[in-house]
Every structure is written in structure tokens, then in C-alpha cells.
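Let's take a tour of a protein model, one neighbourhood at a time. Keep the structure open beside you and look up each spot as it comes.

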Amino acid sequence: MGAQKEVNLQIQGMTCAACANRIEKGLNKIDGVENANVNFAIEKTKVVYDPDKTNVQDFEDKIEKLGYHVAHDKQTFDISGMTCAACANKIEKRLNKMEGVSNASVNFALENVAVDYDQGQVTVNDMMEAVKKLGYSLKVQASKEETANNKEEEIRHQTGKFIFSAILTLPLLWTMVTHFEFTSFIYSPDMLMNPWVQLALAAPVQFIVGAQFYKSAYKALKNGSANMDVLVALGTSVAFIYSIFLGIEWQIQGQVGMPELYFEAAAVIITLILLGKLFEVRAKGRTGQAIQKLLGMQAKTARVIRNGEEQEIAIEEVIVGDTVMVRPGEKIPVDGQIVKGESAVDESMITGESIPVDKKTGDAAIGSTISKNGLLTIEATKVGKDTALSQIVKVVEEAQGSKADIQRVADRVSGVFVPIVVGIALVTGLVWYFFVAPGDLRSALVPAITVLVIACPCALGLATPTSVMAGSGRAAELGVLFKGGEHLENTRNLNTIVLDKTGTVTKGEPELTDVLPEKGFSEEEVLALVASAENNSEHPLAEAIVKGAKAKGVQIRETDSFEAIPGYGIQASVDGKMIFVGTRKLMKRENIDVSSVEDNMAKLESDGKTAMLIGLENQLAGVIAVADTVKETSKAAIQRMHEQGLEVIMLTGDNQRTANAIGKQVGIDRVIAEVVPEQKADEIKNLQLEGKKVAMVGDGVNDAPALAIADIGMAIGTGTDVAIEAADITLMRGDLNSVADSVEISAKTMRNIKQNLFFAFFYNSASVPVAAIGLLAPWVAGAAMAFSSVSVVLNALRLQRLKLKGGQ
């Protein structure tokens with residue numbers, strides 16, 4: 001099998017969880033598809049597949065065949081450089097061959113091209129680059145927004161249909177209200193009681209407004225399945241057609257009295273369901289606000305130096321290697337490296353840290369952060385979909401699009417729910433016709449129609465995904481990125497948190513504190529040798545030694561050779577002499593006696609300092625110590641974890657005494673020290689064998705195996721890309737409070753999901769028997785069904801206002 005690929009597609013036309021279930025099943029049956037997940041709430045599907053066996057077009061064809069539609073992003077570009085129709089043809093062919101482009105149409109006369117594409121597979125910048133290679137240039141058309149807001153268009157469309165439907169339904173509702181004894185004093189024109197007047201009012205509602213239900217029901221039935229629209233279409237059609245039959249009967253009998261018609265029931269049901277859909281679309285739009293907020297942080301333009309001139313261009317046109325100018329108060333447009341200038345940069349929108357970070361030449365700059373007080377010149381290193389913010393948006397979108405395990409239960413239930421309900425409605429009608437009211441078709445139809453209408457499983461389908469969307473969106477605002485719904489669900493089950501020390505509990509920015517030379521060596525000589533050797537290492541402790549040595553004016557020399565020995569230390573050759581810096585294990589390996597400095601080592605380590613032994617050739621040259629200070633927030637954060645019932649363990653490669661000192665300082669329950677990187681994953685396994693549900697929190701490359709094997713891996717966002725890639729959750733703030741936040745968000749989101757599922761299951765299971773025994777009118781059922789979906793979404797939206805105990 002070839003390398004797997006992944007694609008996200010936007011789907012239009014789904015009306016309930018049964019639709020999502022059907023699409024998911026259909027996609028999973030395609031040869032070459034490893035896994036397909038459909039999320040009804042955000043109307044997206046994620047497909048993992050083997051490109052040697054299948055492709056995106058196969059998925060789109062399958063979705064279209066099932067009666068749904070894959071939505072594409074649309075963009076119009078102005079083209080410069082075309083001279084004839086052959087140029088237009090060449091550009092059109094090139095764009096149409098690009099993966100992710102479904103259609104590109106070039107208009108030579110207007111000198112533009114309209115492209116339908118999937119931004120999950122191809123970007124505006126990719127298309128610009130492809131055309132540039134042909135010798136032409138594309139520019140986003142200035143008169144249009146980057147992408148049309150489909151959701152707003154849908155809301156406007158639904159609002160118009162609802163108003164039209166409501167105007168026609170109101171007179172029918174009026175006649176129904178005046179039927180009740182307690183409302184008999186309300187005037188109702190006799191004309192409204194005429195069957196043919198009611199038919200004239202109800203028909204447009206049934207067949208124009210209700211056309212969407214018929215179309216969807218037809219497509220579903222054609223593909224051998226059933227969805228919510230089958231229930232609505234079936235129920236309202238029976239009421240509508242039976243009313244025509246009663247109207248004909250009334251006409252034949254000489255128009256005596258007023259017939260008991262059900263036109264109003266059908267019209268009111270459709271109107272109320274439409275109102276429910278309108279509320280639902282609005283509410284679902286709000287669940288995606290977190291992503292919109294993140295996207296809103298992006299700069300729209302960038303000031304770049306090209307051909308020696310400063311010019312302002314659209315953010316999509318910035319390429320890697322561009323020199324970008326950022327003035328005080330402006331947003332940094334892309335990720336890059338500062339090549340000139342200094343400034344305090346507000347990174348709160350990315351890391352959650354409110355204090356601006358001082359940046360200077362050589363430092364990394366994150367796109368969408370704000371330069372406060374200095375002019376910066378930045379070389380662009382990551383643009384478009386590769387920037388930190390775009391990656392955050394991608395993680396949040398994927399989390400919102402993935403399924404929590406609990407959702408699969410609801411999916412299975414809703415998948416078989418519709419045919420079961422149709423069966424119950426049929427049995428209800430037969431029982432009424434033959435036993436409750438023998439021979440009375442009217443009495444039998446009402447409860448059967450009511451069962452069909454009230455049992456729509458919309459609330460069931462929305463219960464989990466809306467909560468996952470709202471919960472993960474709110475988490476992102478708080479600097480906690482869940483990579484999937486399953487991680488959002490499983491984090492609450494943790495009972496043990498394992499913390500790496502350096503950069504996690506501590507700041508990871510240690511300082512040189514002590515240099516203790518042995519007899520026969522001077523402090524300056526020892527420091528010069530160690531700093532020269534450590535100058536080749538990227539370890540934070542090495543950086544602290546080199547920085548401290550330079551501050552003392554020590555001359556750094558070139559090394560002849562250098563080797564880092566994980567878990568032991570380093571060895572290097574300086575001026576032809578072998579230098580060893582590291583642990584007791586390293587000295588033992590080199591047969592260097594360290595007994596003379598054990599007392600000094602013990603004192604330094606009990607003070608929470610990291611003491612390293614120095615060997616020159618095969619002789620002990622002294623001890624050097626570095627202190628890594630604890631983050632100000634670590635102690636309070638660990639206290640929060642204890643209040644959540646979590647055991648907190650520190651896992652470090654540092655020596656036992658130093659680790660114990662740090663652990664005691666912050667209130668850690670248990671310390672596992674002197675663990676080499678490859679053993680960290682084994683220690684996590686041992687904890688899991690004790691029956692613990694373990695989260696590993698780390699920030700370095702050496703933490704990646706442990707992060708991957710833990711039940712939940714949490715990477716500090718200020719750490720390395722490798723650690724972040726291996727983790728299930730990224731904590732954008734370099735603060736352990738985010739660990740407690742993630743557990744609290746998970747618990748509250750799952751509680752919200754359970755509330756939704758309970759309400760949906762309870763509503764459906766309780767309402768069907770009530771409808772079956774004839775205690776509900778069909779129009780009341782329609783209102784209740786619409787209310788159930790809206791209430792589930794509104795309950796999920798409460799998560800967007802979530803306040804945490806940590807004060808977030």
C-alpha cells in the first residue's frame with residue numbers, strides 16, 4: 001500500500017445524523033479508503049485513503065450519487081500576461097489539473113479566471129505559483145471578498161422561506177385556534193373554513209417550501225435508506241392528501257357543515273420545522289466562532305521589500321524568503337526570523353501570555369502577533385497554511401470534525417431510528433383503526449402522523465458534535481488545542497499527570513551558578529574548557545554554561561571533536577585534550593574517581609541545582625553547577641491538579657537530589673529521576689501497568705516517545721515541533737495551569753454531551769408513546785421536534801462562555 005493521504009470535504013444537503021451515517025458508510029465501502037468520518041454539525045467529512053487505489057473525485061462522485069453535494073470554495077482572479085485565447089486555454093488546463101481544483105474557467109475577454117476549489121487541498125498561493133510558472137500572474141480580484149460566506153447566505157435563504165411559509169400558514173393556524181372551546185369567542189371568517197381556500201394556502205407551503213423535504217427524502221429512498229426528511233414528507237403528505245379527500249367528500253355531500261381538515265397541521269409542521277432549522281443554522285454558525293476569531297487575527301496585508309522597493313501586498317502573495325517590514329503597532333504578517341531590529345512583541349493571541357516578549361535579531365517571530373514598540377525586519381520562513389496560526393486553525397478544525405467515541409453510539413442509534421419510527425407509526429395507525437376507533441380512518445391517521453413528526457432524530461445527531469465544536473473552540477481560545485474529539489473525551493479519565501522537569505515545571509532557562517575546580521586547576525581554566533566543549537551542544541544547560549562563561553569574559557575555543565551522549569553528558573576534544581562533562585555514570589564509564597567531590601555535589605543538588613562533573617583526560621577537574629528556576633505558576637497549577645484528584649509525578653533525566661528539591665518546592669507527589677530519554681516511554685508503560693490513566697507533559701525532542709505512548713500526550717506549545725507533533729493536546733501557553741484547564745474543559749464538555757444525549761434520548765423515547773396514544777396534536781409535535789434540536793444546540797453553546805477555576 002502506498003503512503004496514506006487525508007482530505008476534508010464540505011458537504012451540503014445533510015438534514016440529520018442518518019444522512020451523515022449513510023455518507024460515512026458509502027465512503028468507507030470505497031476500495032482504498034482506510035477511514036471516513038462525517039460530522040453532521042459542521043457538515044464536513046475527513047477521509048484517509050490510499051491514493052494508489054482511489055482519489056478525491058471518487059469520493060465526490062459517491063457523495064453526489066448518494067444525493068448530497070460537495071461544496072467548494074470559490075475565488076476569482078485577474079490575469080495579466082495573456083495575449084490570445086491559447087494563453088487562456090493553457091492557464092485553464094493547468095489549474096484544472098491541480099489536486100483540489102474541481103473547476104477553473106478562464107474568460108479571455110474579461111481577463112479573469114473563476115476557480116472552484118477545496119482549500120483543504122490547495123491554496124490561493126499554490127494556484128498563483130502554478131500560473132506564475134507558465135509565465136502569467138494571478139491576483140485576487142479586488143472587488144470580491146476572499147471567500148463567500150455560505151452560512152450567511154443559507155441564513156438569508158432560510159429566513160426568506162420561513163417568512164413566506166409563515167404568512168401562508170398564519171390564516172390556517174387561526175382557523176385551528178378558533179376550534180377550541182375556550183377560544184370560540186375569537187372571530188374567524190367563514191371563508192377560511194372552506195377546504196379549497198385552505199388548499200390554496202397550504203399547497204405552496206407543502207410543495208414549494210416543503211420541496212426540500214421531498215427532494216431529500218427521494219434521494220434517501222432512492223439509495224435504499226431513510227432520513228429525517230422521509231418522516232416529515234411522509235407525515236405531512238398523508239395529512240395533506242387526506243384533507244383533499246375529506247374536502248371532496250364534503251363537496252359531494254352538498255357542503256354540509258365544516259369538515260375537520262388537516263391542512264393546517266401539515267403547513268404548521270413544515271413552518272415550525274423550518275423555524276427550527278433557521279435557529280439551528282444560526283446556532284451552528286456560532287459554534288464555529290472560535291475558528292472565525294482565530295482567522296480574524298491574521299494580518300490582511302504585508303509590507304515587503306522586492307526589487308529594492310517597499311510595497312504592500314495581500315498576505316496570500318507573501319512567499320518564503322521575502323523580507324517583511326513591520327512597524328510599531330502592526331501585526332507581524334507571517335512566521336519568520338528577525339534579521340534586523342528589536343521590539344517587545346505581544347504574543348498573547350497565540351500563547352495566552354499577557355506580558356510582551358522582548359525580541360531581537362536572530363529570534364523567531366510568529367505571524368499575527370503584534371510588534372509594540374520597534375521597527376522589525378523579518379525574513380519570511382513560513383507562509384499561508386504553514387504558519388503557526390494556520391496550524392492552530394487546522395488543529396481546531398480537525399478536532400471539531402473528529403468524533404468522540406460516545407458519538408458513535410448516537411450515530412448507530414440514529415442510523416436505524418427512522419425505519420423503526422416508520423414501523424411504529426404504521427402499527428399505531430393500524431391499532432387505532434382496528435381496535436381503538438374501529439373503522440375511523442381519521443382517528444387513526446392523527447396519532448400515526450404525530451409519531452412520524454415528533455420522532456425525527458435531529459437532536460440525537462446534533463448532541464455530541466455541537467458540544468465537541470463548542471468545547472474545543474473555547475479550549476482554543478484558552479490556549480489548549482485538542483487534536484481530536486476522542487482526546488477531548490478521554491482527558492477527563494486521567495488520574496495521573498507525568499511532568500517533564502526542564503521547560504515544563506521549570507523555565508528551561510537555567511543560569512550558571514557555581515564553578516568548583518579541583519586542586520591543580522583554576523576556575524577560569526576549567527570554565528574555559530567546559531564552555532568550549534558545551535558550545536557545540538543545543539541543551540539548555542549547555543547554553544547556560546556558555547552564556548555564563550562569556551559574561552565572565554572567558555575566551556571560547558574551537559573543538560576538534562564533539563559528541564553528545566544521551567543520559568550521560570558530552571565528550572569533546574579541546575586543544576587535543578579530551579573533556580568529559582556530565583553525570584556520575586559518565587565518570588564511572590571513563591574510570592574517573594569522583595569521591596572527593598561527593599559532599600559538594602550533594603550540597604549543590606540539595607539546593608535544587610544541577611551539578612555536573614568535569615573530567616579532563618582521565619582526571620577529575622572539578623564540578624560546575626547550573627540552576628533552572630521554577631516557573632512562577634507551577635506550584636499553584638500543581639495544587640489545582642491535586643484538587644482535581646490527580647496524582648502528579650515528575651519524570652526527569654536529572655539526578656535524584658536535584659529532582660527531589662524541585663519536586664518538594666512545587667508539591668509534586670512522586671519524583672522519578674535519572675531516566676535516560678529512551679527509558680521515559682518505559683516508565684510511562686510501567687505506570688499504565690499499575691492501572692493508571694497517564695498524561696505525559698513535555699516540551700523536548702526526548703519527550704516525544706513518552707508523549708506518543710501515554711494515554712494522553714500534552715506538549716508545551718513553547719517546545720519543539722517534534723514534541724508537538726507527537727502529542728494529543730498542545731498547550732500554547734508555557735504554563736502548567738493549561739494541564740488543569742484541559743482536564744476541566746474535558747470534564748465539562750463531556751457533562752454537556754451527556755446532558756444533550758440524555759435530553760435527546762429521553763425526548764424521543766418519551767414522546768413517541770405519548771404521540772401514539774393520541775395525546776399530542778401533529779402541529780404540537782412539529783413544534784416540540786424543532787424545539788428539541790434548538791435546545792440541544794443552545795445547551796452546547798453554553799460551553800463558549802465556559803469559565804475555569806484557574807480564572808480563565
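## Starting with an arginine

Let's begin with arginine 474: at 11% relative accessibility, this residue counts as buried, because the cut-off for buried is under 20%. Before going further, keep in mind that what you're looking at is a predicted model.

Arginine 474 isn't on its own, since its side chain meets that of glutamate 477 in a salt bridge, with 3.1 Å from N to O. The two sit 3 residues apart in helix α15 (residues 458–477), so about one helical turn separates them. And how accessible is glutamate 477? Glutamate 477 has 36% relative accessibility, so it counts as partly exposed.

## The whole chain

Now zoom out. The protein chain contains 28 helices and 30 strands. Of its 808 residues, 54% are buried. The chain exposes about 35,700 Å², and carbon and sulfur atoms supply 54% of that area.

What about contacts across the sequence? Take the contacts between residues at least 6 apart in sequence: 68% of them join residues at least 24 apart.

## More salt bridges

How many salt bridges are there? The count comes to 24. One of them joins arginine 327 and glutamate 310, whose closest N and O atoms are 3.1 Å apart. Arginine 327 belongs to the loop between β11 (323–326) and β12 (335–340), while glutamate 310 is in strand β10 (residues 309–314), so this pair ties together parts that lie 17 residues apart in sequence. Arginine 327 is partly exposed, with a relative accessible area of 39%, and glutamate 310 also counts as partly exposed, at 41% relative accessibility.

Next, find aspartate 735 and arginine 733. Their side chains meet in a salt bridge of 3.0 Å, N to O, and both residues are buried. They also take part in a network of salt bridges that links Arg640, Arg733, Asp735, Asp741, Glu744 and Lys748.

## Around helix α23

Time to look at helix α23, which covers residues 656–666. Which of its residues are buried? They are Thr658, Ala659, Ala661, Ile662, Gly663 and Val666. The elements covering these buried residues include helices α17 (501–505), α21 (598–606) and α22 (634–643), along with strands β24 (610–616), β26 (647–651) and β27 (670–672). Just after α23 comes glycine 667, which takes a positive phi of about 85°.

Strand β24 is worth a closer look, and threonine 610 is found there. Threonine 610 counts as buried, with 6% relative accessibility. What does threonine 610 touch, leaving out residues up to four places away in sequence? Its contacts are Lys501, Leu541, Ile624, Ala625, Val626, Asp654 and Thr658. You've met Thr658 already, as one of the buried residues of α23.

## Two backbone surprises

Here's a bit of background: most residues other than glycine have a negative phi. Now check serine 368, which isn't a glycine but has a positive phi near 85°. Serine 368 lies in the loop between β15 (364–365) and β16 (370–371). Is serine 368 buried or exposed? Serine 368 counts as buried, at 2% relative accessibility.

Glutamate 617 is another non-glycine residue with a positive phi, of about 55°. You'll find glutamate 617 in the loop between β24 and β25 (619–627). Glutamate 617 is partly exposed, with a relative accessible area of 38%.

## A positive patch

Last stop: the surface. Which residues form a positive patch there? The patch is made by Lys93, Arg94, Lys97 and Lys133. Helix α3 (residues 85–97) gives the most to this positive patch, with 3 residues.

Arginine 94 lies in helix α3. Arginine 94 is partly exposed, with a relative accessible area of 33%. Compare that with arginine 474, where the tour began: arginine 474 counts as buried, at 11%.

Note on methods
Residues are numbered from 1 along each chain as its sequence is written. This is a predicted model: local features need pLDDT of at least 70, side-chain atom pairs count only at pLDDT 80 or more; totals for chains, interfaces and linings use all residues. Side-chain values use heavy atoms; hydrogens and water are left out. Buried means under 20% relative accessible area, exposed over 50%, partly exposed in between (1.4 Å probe, protein chains only). Helices (H or I, at least four residues) and strands (E, at least two) are DSSP runs, numbered from the N terminus. Contact means heavy atoms within 4.5 Å. Patches are made of residues with over 30% relative accessible area and no salt bridge: like charges are joined within 9 Å, nonpolar side chains (Val, Leu, Ile, Met, Phe, Trp, Tyr) within 5 Å. Accessible areas come from the Shrake-Rupley method with a 1.4 Å probe; for residues, only the protein chains shown count as cover. A salt bridge is a side-chain nitrogen of Lys or Arg within 4 Å of a carboxyl oxygen of Asp or Glu. Lys and Arg count as positive and Asp and Glu as negative; His and the chain ends are not counted. The place of a charge is taken as NZ of Lys, CZ of Arg, CG of Asp or CD of Glu.
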